[in-house]
Amino acid sequence: MADVKLRNVTKRFGKVIAVNKVTLDIDDGEFFAILGPSGCGKTTLLRLIAGLEVPDEGDIIIGGRVVNNVHPRDRDVAMVFQNYALYPHMRVADNIAFPLMVRRRELGLSSEEIRRRVVEIAKILGIEDLLDRYPRELSGGQQQRVALARALVRKPKVWLLDEPLSNLDAKLRVQMRAEIKALQRRFRVTTVYVTHDQGEAMSLADRIGVMNEGRILQVGTPDELYLKPVDTFVASFIGSPTMNLLPCEAQEDGGVVTLNCVGFKLRLDPGIGSLVLSKTRGKLYLGVRPEHVRIGEVEGWPRVRGKVTLVEPTGSHAIITLDLGGESFKVIAPREFKASIGDEVVVSLDKDKILIYDMETGRLVV
């Protein structure tokens with residue numbers, strides 16, 4: 001296996017900067033996800049690691065070797081594409097064997113050894129009974145397993161996956177998530193996984209790099225990204241529903257700093273208040289996740305009254321949307337809680353889970 005390092009990597013397409021001075025350290029054997037919206041540059045970043053694109057600036061280092069000018073076949077990486085990219089005229093066994101066949105002399109493999117490896121990986125992925133079929137005779141999930149088998153059969157140093165589950169239905173995506181995670185743990189192959197689905201990234205990855213407009217905004221574990229997003233973009237991209245961001249204004253009176261928000265006021269501890277005033281111009285967002293809000297009054301927690309505008313039952317709980325003086329605010333409520341459109345509801349915010357962001361820069365203050 002091998003670690004992957006990127007040092008100030010930039011890639012341009014004409015006037016468009018697809019990847020902008022990205023620096024990353026991906027550990028040997030780590031499952032690393034690159035998460036971001038469509039068009040943010042995440043697939044281009046994956047293609048740069050694979051060698052399908054050449055960086056305009058910076059270095060790509062795999063296993064301690066700078067590979068900027070190394071041909072893709074010599075990087076010892078394997079890539080799984082979004083559309084699977086199976087050869088339609090080849091049977092499943094030949095599709096899986098192809099990476100070994102093209103390098104059989106270099107790897108010193110006999111036909112018998114290639115066949116043994118194909119059968120071995122097919123058994124691991126549960127497709128050994130499909131080896132004589134053509135791709136057109138397979139379901140989407142079966143094609144996905146063939147693509148994964150082809151990528152793993154030659155035991156690469158790095159495994160690259162470009163939104164591999166996006167063409168599957170919801171139930172199969174959940175199943176394949178578990179299978180991919182189990183495979184990565186079994187082979188301990190360094191894995192870089194590109195996705196726009198934060199649920200996939202959070203459930204699969206050891207660490208995640210959140211990307212937008214060609215830049216990596218934050219790298220951390222799923223817990224770090226969930227509990228302390230560094231800016232409002234990450235805060236609004238991680239979590240389902242996403243974090244509530246309420247506009248507030250900080251005011252000081254006699255050394256006491258108070259946040260004046262929609263429908264309520266929050267008095268800040270002296271240390272936090274001075275930090276807020278020193279780092280901002282007083283215009284802020286108060287961030288709190290819907291699951292950190294309780295229906296009703298909780299002693300010591302700030303309270304706010306809102307009008308119900310939407311109720312979304314999910315089975316295990318309900319997502320309640322409130323109107324707070326023109327601001328939309330979501331709350332996770334127990335399944336037993338009943339509300340109708342137009343009802344007034346009092347909710348309490350967990351004061352230990354509240355985050356404060358500078359409205360001008362979007363950056364986390366505290």
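The exchange below goes through aromatic pairs and charges over rings in this predicted model.

User: What makes F31 and Y193 an aromatic pair, and why is it called tilted?

Analyst: The ring centres of F31 and Y193 are 5.8 Å apart. Rings pair if their centres lie within 6.5 Å, so this counts as a pair. The planes meet at 40°. Under 30 degrees would be stacked and over 60 edge-to-face, so the pair is tilted.

User: Which parts of the chain does that pair link?

Analyst: F31 sits in strand β3 and Y193 in strand β8, 162 residues apart. Both residues are buried.

User: Why is the pair of Y87 and F98 called tilted?

Analyst: Its planes are 55° apart. That value is neither under 30 degrees nor over 60, so tilted is the label. The centres are 4.9 Å apart. Y87 lies in the loop between β6 and α2, and F98 in helix α2, so the pair ties together parts 11 residues apart in sequence.

User: Why do Y87 and F98 count as partly exposed?

Analyst: Y87 has 30% relative accessibility. F98 has 28%. Buried needs under 20% and exposed over 50%, so Y87 and F98 are both partly exposed.

User: How do you know that R136 sits over the ring of Y134?

Analyst: The charged end of R136 is 4.7 Å from the ring centre of Y134. The distance cut-off is 6 Å, so R136 meets it.

User: What is the distance from K11 to the ring centre of F13?

Analyst: K11 lies over the face of F13, at 5.4 Å from the ring centre. That is also within 6 Å.

Definitions and conventions
Residues are numbered from 1 along each chain as its sequence is written. This is a predicted model: local features need pLDDT of at least 70, side-chain atom pairs count only at pLDDT 80 or more; totals for chains, interfaces and linings use all residues. Side-chain values use heavy atoms; hydrogens and water are left out. Rings of Phe, Tyr and Trp (its six-membered ring) pair if their centres lie within 6.5 Å; planes under 30 degrees apart count as stacked, over 60 as edge-to-face and the rest as tilted. Helices (H or I, at least four residues) and strands (E, at least two) are DSSP runs, numbered from the N terminus. Buried means under 20% relative accessible area, exposed over 50%, partly exposed in between (1.4 Å probe, protein chains only). A charge sits over a ring if NZ of Lys or CZ of Arg is within 6 Å of the ring centre and within 35 degrees of the ring normal.
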